Amino acid sequence: MRVATVLFGNDRKKLAFASVKFDEWTDFERLLTDSERRVAGGFASEKRRTEFFAGRVAARLALTELHGSESVTILNNDAGVPVVSNEKLAVSISHSEDIAVALAFESDFSFGIDIQIIRAKSVKALKRLVTEKFVPDDAMHLTVAWAIKEALSKCLKTGFTIPYEEFLLADFIKNRNLFECTFVKYPQYIGRAVLWKNYAIAIVGNKEYMADMEIENLLASF
Ligand SMILES: CC(C)(COP(=O)(O)OP(=O)(O)OC[C@H]1O[C@@H](n2cnc3c(N)ncnc32)[C@H](O)[C@@H]1OP(=O)(O)O)[C@@H](O)C(=O)NCCC(=O)NCCS
């Protein structure tokens with residue numbers, strides 16, 4: 001489990017990050033509310049239940065870091081967006097393999113997070129999804145680019161329900177362990193990603209707020 005915070009904007013607002021490995025807890029359910037447990041009860045697979053629980057635990061840890069301890073429920077709206085019962089607060093959640101990550105922030109802002117495991121066998125599928133010629137076509141770079149696109153889809157709150165061209169990258173810059181992308185259709189947003197073990201972790205947010213944010217430190221804490 002990791003929790004970290006960075007400040008952004010002129011009035012130094014907080015963006016909180018948390019990660020949870022599935023094997024760190026044996027009793028995720030205990031931390032959730034009845035309505036969250038009811039939702040999870042409807043899932044067909046144990047894996048889906050575990051990632052749903054772990055995502056909520058990560059979101060709660062991030063919310064506590066942002067706002068202090070408070071009892072909240074996090075349910076998904078019809079579009080899948082995780083909605084916090086305290087409407088002043090918002091979260092973004094992602095899970096991959098055995099890890100869940102979450103961001104918490106005030107609901108006046110929008111951020112998206114994504115974590116993807118890097119696998120050589122995914123290259124073929126990723127090449128169909130990441131068509132930008134400037135992205136090197138190996139598993140690591142394609143996964144980073146894909147994670148940035150997924151994080152944008154969460155920042156926009158649409159998921160991939162809108163045309164795929166909406167997620168086209170304008171560039172793909174690598175600076176040591178940090179990747180940075182802008183978007184053809186959404187010049188107001190920027191995506192940043194880091195590698196951690198065999199995962200790519202991406203965050204997308206408004207350029208204005210990401211500019212002075214020490215996102216490397218946030219993600220490096222992972
Ligand atoms: C949003 C989306 C990109 C997430 O991708 P994913 O492969 O499920 O991967 P992740 O683990 O990274 O993210 C899942 C989390 O994204 C969040 N999420 C789902 N839809 C979201 C949306 N529209 N906006 C913001 N966040 C969303 C949820 O918190 C979800 O976790 P939870 O259900 O446990 O709460 C994808 O689900 C999507 O495009 N959904 C819309 C289209 C759809 O429903 N397709 C059917 C499945 S193919």
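From which domains does the shell around the ligand draw at least three residues each? In this predicted model, the shell draws at least that number from each of domain 1 (1–109) and domain 2 (111–210). The legends below take the ligand shell, the domain contact and selected elements in turn.

**View 1. Residues around the ligand.** The shell around the ligand takes at least three residues from domain 1 and at least three from domain 2. There are 20 residues around the ligand, of which Gly 80, Ile 93, Ser 94, Gly 159 and Phe 160 come nearest. Helix H2 (46–67), strand E5 (89–96) and H4 each contribute at least two residues to this shell. Sorted by class, the shell holds six nonpolar, nine polar and five charged residues.

**View 2. Contact between domain 1 and domain 2.** The domain assignment divides the protein chain into domain 1 (1–109) and domain 2 (111–210). Their C-alpha centres are 21 Å apart. Domain 1 brings 16 residues to the contact, and domain 2 brings 14 residues. On the side of domain 1 that touches domain 2, E5 and strand E6 (99–106) each supply at least two residues. E6 gives the largest share of that side, five residues. The class count for this side of domain 1 is ten nonpolar, five polar and one charged.

**View 3. The sheet of strands E7 to E11.** Five strands make an open sheet in the order E7-E11-E10-E9-E8, and their pairing is antiparallel. Strand E7 (111–117) and strand E8 (173–175) are the edge strands, each pairing on one side only. On average, neighbouring strands of the sheet are turned by 20° against each other, direction ignored. Helix H4 (residues 139–155) packs on the sheet and touches E7, E9, E10 and strand E11 (199–206). The direction of H4 makes about 150° with that of E7.

**View 4. Pairing of E9 with E10.** Strand E9 (residues 178–182) and strand E10 (residues 189–196) run antiparallel and are joined by five bridges. Opposite Cys 181 stands Gly 191 in E10.

**View 5. The hairpin of E1 and E2.** Strand E1 (residues 2–8) pairs with strand E2 (residues 13–21) over seven bridges in the antiparallel sense. Val 6 has Leu 15 in E2 as its bridge partner. The two strands form a hairpin with four residues between them. In the turn, Gly 9 has a positive phi of about 75°.

**View 6. Helix H2 and the residue after it.** H2 consists of 22 residues and reaches 31 Å from its first C-alpha to its last. This span is close to the 32 Å expected at 1.5 Å a residue. Gly 68, just after H2, takes a positive phi of about 85°. H2 also supplies at least two residues of the shell around the ligand.

Terms used:
Residues numbered from 1 in each chain as written. Predicted model: local features only at pLDDT ≥ 70, side-chain atom pairs only at ≥ 80, totals over all residues. Pairing = 2+ DSSP bridges. Axes fitted to C-alpha atoms, helices over the stretch in contact; angles between N-to-C directions. Contact = placed C-beta atoms within 7 Å. Near = placed C-beta within 6 Å. Nonpolar A, V, L, I, M, F, W, Y, C, P; charged D, E, K, R; others polar. Domains from an automatic or database assignment. Expected span 1.5 Å × (residues − 1).
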